[in-house]
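The exercises below are meant to be worked with the sequence and the coordinates side by side. Try each task before reading its solution.

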Amino acid sequence: MDTFGEIGGLFLGFLLTLFVYSFVVKDNPMYRLAVHLLVGVSAGFAAVIAVREVLIPIAKSASSQDGLLPLLLWVVPIALGLLLLAKLVPGYAWLGNSSMAVLISVGAAVGLVGAILGTLFPQVTATYDSGLLTVVVALLTICVLAYFHFTGRQASDGRVRFPTWHKYVSMTGQFVITIALAGVFAGLFSTTLVLLSERLGYYFDSFTSLISG
Amino acid sequence: MNQIRQSLPLALAYVFGALALIGLLFVPALAKTITGWVGFLAVIALLIGILNLFSVHSRRLVRGNIYSGVLVVSLVAMIGLGITDFIELTDGGVSAAFKYVQAPLEAAFASMLAFFLLFAGVRVIQRRRSWWAIIFITSLVIFLLGRTSLPGFLGEILGTVSDIMTLVFVSSGMRGILIGIALGAIAVSIRVLMGTDRPYNK
Amino acid sequence: MITVACPNCSFENSALSRRCTSCGTALLIEGYVRCDNCRVLTPKALEFCELCGSYLAAAAPFDKPLILPSSRQDANVADTSPLTLPANLSTENLPDAQEITEQYSQSERQDQPESSIPAWLLDVDAALKMRSISEKKADETDSSSATKSPESKKVEPPRTDVYDELLRRLDTSHAVTQPADPKESEDWLEVLEVDDDNSEQGNIEDLAFQALAAASLAASHLPGKEGRADPPEDQPLVQPRAEERTERRQKGSTQPLDPKGKLLGVPQQLAATELPAWLSDQLQRPDEDEEEYFDDIELPEPSRATYLEPTVPDAEQDETDGEVIVLDASFDKWLKQLSDEPAAPDWMTEGESSPDVPFESDSVQMGAETPQWLHDIHEAEGDTALLLGIEETVEDSGRFAGIKGAIQIEPAIAASLIGTRMVDYSISKEQQQKIAILESIVHTKPVKQKPKAVEPPRDSSVRMRVLLAGALFLVFLFATVVPSSAEWLKDSTLQPATKQTEQFYDQLMLAAGEPVLVAFEYTPAMAGELNPIANVVLGQLADNDSPVITVSQSAAGSEVAAIIAEDIEGLDLEQLGYIPGEAVGLRSLAECFSDPDNCETLFGEEIPAELQENLSAVSLIVILASDSDSLIDWIEQVGAQVKDSTLIAGITQLLGPVTVPYSASGQLKGTVSGFPDAIYLQQDLLGIENEASERVSGITIAIWLAAGFLIAGAVYYAVTGLNLPRSGKAKDR
Amino acid sequence: MIFSTPNLVALLLIVFSIASLYFLTRRYVDRSGVGLRNIKAYEKLQKQAVKAMASGRSIHFSPGRGSLSKATNPTSLAGLSGLQRITEDASSSDKPPLVSAGDGTLFMTARDVIRGGYEHSGRAKAYESQKSQFIAADNSPMAFGAGVSDILNQGEHGSSIIMGHIGSELALMAEAAERKHQDQIIGSDNLAALAVAVSATEDVLMGEELYAAAAYLQEEPAHIASLQLQDILRILVALGILIAAIVSLFPRT
């Protein structure tokens, strides 16, 4: 990209940034313009990447390899893909349900294994620097888990009864969650402050260097 | 006919769900194949979604909505650049559009969150008069000031308190929430794999 | 703000609310009418439902009391209501909703005599029937509530209050619209005119609206599908063509009516061009059939009052055609049935009136709604009265038992057969004046209303936002313009997590010369915080002569990698690019690490031999992540599979706490958490000066400012009065 | 074929869960008596359809941007349960909900769910496919957040319900909803989103609570049973955490 293009890009970016920041005061046409531009561009980008990075490589691999097997391997997804397209045709939309069923059930399997191997096991067996800290964190974690407890015994008067200790344990859990979320909020806030200062600093530096030549 | 409509997707869900499960746990090659297929389906779904975005905003454009016009034009332009890149009429057109349009816009939106988070914090004080709100705001202030070390004794105390709170409470809270999420995910996934939940048969 | 008290819980609702925000009870706000076909609420000014385009019976109520038996179109208009019940139904033996809708469908197939009874009267009657039906149903559902599905549970706002409200209003409207003295008829007409401006006064339109609203609520109150039954698909509903509908909506009013049909309440759009298929068939009946009828018919005098003329479905058609429409086969058949009736109804025994019945039941109040001018006409001449079946008597039998002044349908229909009855009568001047006034009313265009409720409320906190945002901007401006601020803030700036950062640095240096995989798991949104880390890492890897392989789970990530790599000099870069499939995709990549021989292709892309070699030799994996999911994917899918590789992470400050357990368990050998750590890594550990470090002072001041705002706010509200609940349990977390 | 210990344990856990869910469902059908903890956000969610009719301002629902083909699948499915209930409630009014999805698979399923809701309420003919729209791909969060915030900014909606996988871009939507005085109900599996949510509204579905959507809104026996299963697993996990912590007290030699 030549210098002229870079300067143009810098000005375009700055202009769009101003459009976006104008929303801090109130909603306005410039902001809406920026939003629609971003949505359009990102959708276009996603489409290009989907074709360039997924569909074309699949076509390549299917065509490049010898033998019928690689082709047969893609018969199923292509058939399912066509069925999925049938969802666009009124009256034949139900054909696409089979594809959605495959997609959702496989997704559920991925989610299930991910939840067990990816989160549950590591978090259950997690240890911290000191033994004391590990135990304290473990106890507080159990309180948090107790807070989420859903089911209790339904008495004849329709009320749901939990053990008396549950009240105090879950309140402790709620206390821990509140502080944890405050911590995450603080982290997010300082992250976004960094982003803000980076944006302002970037344009300030770029324009000063542009002016100073 | 109606029975086929209902039972075919269910049968496919059972078969592919079981295969995927076995593959993910024990036969990586199988998992790779099946997830590759599903990835392909997801891409088709993505393209259908983009088609929907295009059609919805084209209709609005016809009705004279200029913003939808901007959206449609930018979408088409990006895809056009993708095509010209592919047939080597342009070189890195998509990357350039990403660098000079999408990247600054995303960065601007993300940095604007700083304002909104500040507004949200102030609103909590304005509106919520509960012990939990007080705990939330107090810890928030401690965490914020603890990140910077204020000069003097106060700075030291806040720093230490903030570190302890992070190590003990934030770790426990996050851990508890993440485990809870995992439990929920297990329950929902199993319902889908068992066929009790059938979002595909609506 | 104007408020409306809920009749059920007396909660003060916004005047815009049609249901109590507290208990869900309908508040029956003026100006809306519910479509009988799809039950969508539509501004009363619109003549056709915005959703399904059905004719809104309550939108032009004046035409209904004036319907003549020959008005086939109006029969349809009335029929479009699923609540138009056939005459053989009585409130004593009520059918369930299914039966009613069936009856309704039949009533569309054949022209039912009752459809010439004023539709508003039918609606009210039907509303009352539906009320009792719904109460019945409510009882049933209550009894079976233990077993019923939650869907049926949820459709149970206390709707009965709606009917009480309805009845209350009927009383008042009765008081308004039933002047005791004929002289007050002008007032009544005024009331009608006022109603065009949607005044609060009760009147026929109001009544019809309430009846429809109540009836449709009753219908929707029925549990299960019955209550929500659509009209059968094979039923032709009187609907204008789409383009005509939209045009009409733009005009927002009734079209000027056909001069012949104007007083008969048949809007032009319901004329022959718009007639349902079955009706068009009737129009195209062979001539010989018509002859049969004409033999017995004496055509009415042309001199008779305009408003008494039969409806002419099309402007071109003459009156004869109009009559033909009346006397179709089904009608004839029905009339035959009538004559077979053993007990002759009251109207056959002329002059003989039924004994008065005290005004007690609801239907009595309904009946009292008969327009006064009709009574006047009746007083003026007996024949017309007979023709219209208006007598100052209270019905003692049939479905209008106890109703005073109900329009007798049978004589009216019979009259169209026995032409002699229609011949000699005259109209007094007074009546003509009333006709003129009535015409003017029919032609008055209702004011188009916009549903006020959808107007977005004002944004009230602009000042607060400008203050806070302005303060933040000033802080950053100050920090950017005055770099020296970095000096006096040096000891108070954001504190880096030194230990984790040093571990990160150690691992980076240990991998010198060996291939390193760098995962870019962030979009440009988070580039502000992660690009500095990426720059430092890639710069150091270039210095270490480590071949770098970039990869990402997101397309945007691979673009970001390319953008950053552009600016790094002497970087031995190989791009693996975008890895689709998230966790599973990474698992496949991990296999390439552990089993390079079976890794010629990855996601359809051929992997060059050199890259395969580098992949198998990778000893360090650097994850630059802005969200916990992708970070955990790497730790679990790759870190767990590839035993002899080390994982370190560059993350946002937000993810700091997420990584604590992974760092503690040794799955992550080091982390650089956000911008402050990046500066620490670059300046203190690598000894490279970074101008961006001056920004830290700005961020520090901004954090203090935010904390200051929060503390000040807390103090302010504490001083102004903090009314804490006894227990915070009920409140937010 | 790989037979690692964690994978085998995972398989055991899955088999145990399936069996328990089956028996718990049977048990619930035979003799109920299981009660659920009160969750304010779900109570409020159930009133949204009526509120939409009362205020004349419809509901905006977003199931987030979690793809159904990926690990976010369960979160998105939980969100769709909420959508199903909202659609069934609101489709019989003149204020049907508008749905904005941040992923292709989610968009298509959301469309089916909405159509199903209309059919359930006997108004299949009133279904409009435009009532569900695709906003952005799942890996462009800011585009999604900005797109949804723009919809909320138009002020035509009285409630903003967000149930699904979403990140810090939630702050954009929350701000827009706040400015237009919209009721907010937010449920997410993302910590950053939860942190934003608790500052934006009192009606937050915190992590695991989001996955209970089906049980609280549809109340099928299998859903209630799956909550019981969650609670059983919770106890097992708590024991596991305790044991791991105690073991960590004795350093390995």
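**Exercise 1: the contact between chains A and B**

In this predicted model, the contact takes 94 residues from chain B and 91 residues from chain A. Determine which elements of chain B give two or more residues to the side that touches chain A, and how the residues of that side divide by character.

*Solution.* Begin with the elements: those of chain B that give two or more residues to this side are helix 1 (2–25), helix 2 (28–62), helix 3 (66–86), helix 4 (93–127), helix 5 (131–147) and helix 6 (153–194). Next, weigh their shares, where helix 6 of chain B gives the most, with 24 residues. Finally, sort the residues of the side of chain B that touches chain A by character, which yields 73 nonpolar, 18 polar and three charged.

**Exercise 2: the make-up of chain A**

Describe the secondary structure of chain A and state what share of its residues is buried.

*Solution.* Counting the elements gives seven helices and two strands in chain A, and reading along the sequence places them in the pattern α-α-α-α-α-α-β-β-α. Turning to burial, one finds that buried residues make up 53% of the 213 residues in chain A. As for the contacts within chain A between residues at least 6 apart in sequence, 27% of them join residues at least 24 apart.

**Exercise 3: a helix pair across chains A and D**

Classify the crossing of helix 2 of chain A and helix 5 of chain D by its angle and its hand.

*Solution.* First take the geometry: the axes of helix 2 (residues 29–64) of chain A and helix 5 (residues 141–153) of chain D come within 9 Å and cross at roughly 135 degrees. An angle over 145 degrees would count as roughly antiparallel, and 65 to 115 as roughly perpendicular; helix 2 of chain A and helix 5 of chain D are therefore oblique to each other. The hand of their crossing is left-handed. At the level of residues, A:Arg32, A:Val35, A:Leu38, A:Val39 and A:Ser42 of helix 2 of chain A meet D:Met142, D:Ala143, D:Ala146, D:Gly147 and D:Asp150 of helix 5 of chain D. The residues of this contact divide into six nonpolar, two polar and two charged.

**Exercise 4: the sheet of chain D**

Work out the strand order of the open sheet in chain D, and explain why strand 4 and strand 7 stand at the edges.

*Solution.* The six strands follow the order 4-3-2-5-6-7, with parallel pairing. Strand 4 (132–134) and strand 7 (204–206) of chain D each have a single partner strand, so one side of each is left without a neighbour in the sheet. The twist averages 15 degrees from one strand to the next. At one edge, strand 6 (residues 183–188) and strand 7 of chain D pair in the parallel sense over three bridges, and D:Val204 in strand 7 is the bridge partner of D:Ile186. Helix 7 (residues 191–200) of chain D packs on the sheet, where it touches strand 6 and strand 7, and its direction makes about 160 degrees with that of strand 6 of chain D.

**Exercise 5: a backbone angle in a loop**

Where does D:His181 lie, and is this residue buried, exposed or partly exposed?

*Solution.* D:His181 lies in the loop between helix 6 (170–179) and strand 6 of chain D. Its phi is near 55 degrees, a positive value in a residue other than glycine. Most residues other than glycine have a negative phi. Because D:His181 has 14 C-beta neighbours inside 10 Å, this residue counts as partly exposed.

Terms used: Residues are numbered from 1 along each chain as its sequence is written. Chains are lettered from A and ligands numbered from 1 in the order in which they are written. This is a predicted model: local features need pLDDT of at least 70, side-chain atom pairs count only at pLDDT 80 or more; totals for chains, interfaces and linings use all residues. Axes are lines fitted to C-alpha atoms, for helices over the stretch in contact, and angles run from 0 to 180 degrees between N-to-C directions. Helices (H or I, at least four residues) and strands (E, at least two) are DSSP runs, numbered from the N terminus. Angles under 35 degrees count as roughly parallel, over 145 as roughly antiparallel, 65 to 115 as roughly perpendicular and the rest as oblique. A crossing is left-handed if the near helix is turned anticlockwise from the far one by less than a right angle, and right-handed if clockwise. Two residues are in contact if their C-beta atoms, placed from the backbone, lie within 7 Å. Ala, Val, Leu, Ile, Met, Phe, Trp, Tyr, Cys and Pro count as nonpolar, Asp, Glu, Lys and Arg as charged, and the others, Gly among them, as polar. Two strands pair if DSSP finds at least two bridges between them. A residue is buried if 20 or more other C-beta atoms lie within 10 Å of its own, exposed if 12 or fewer, and partly exposed in between; C-beta atoms are placed from the backbone.
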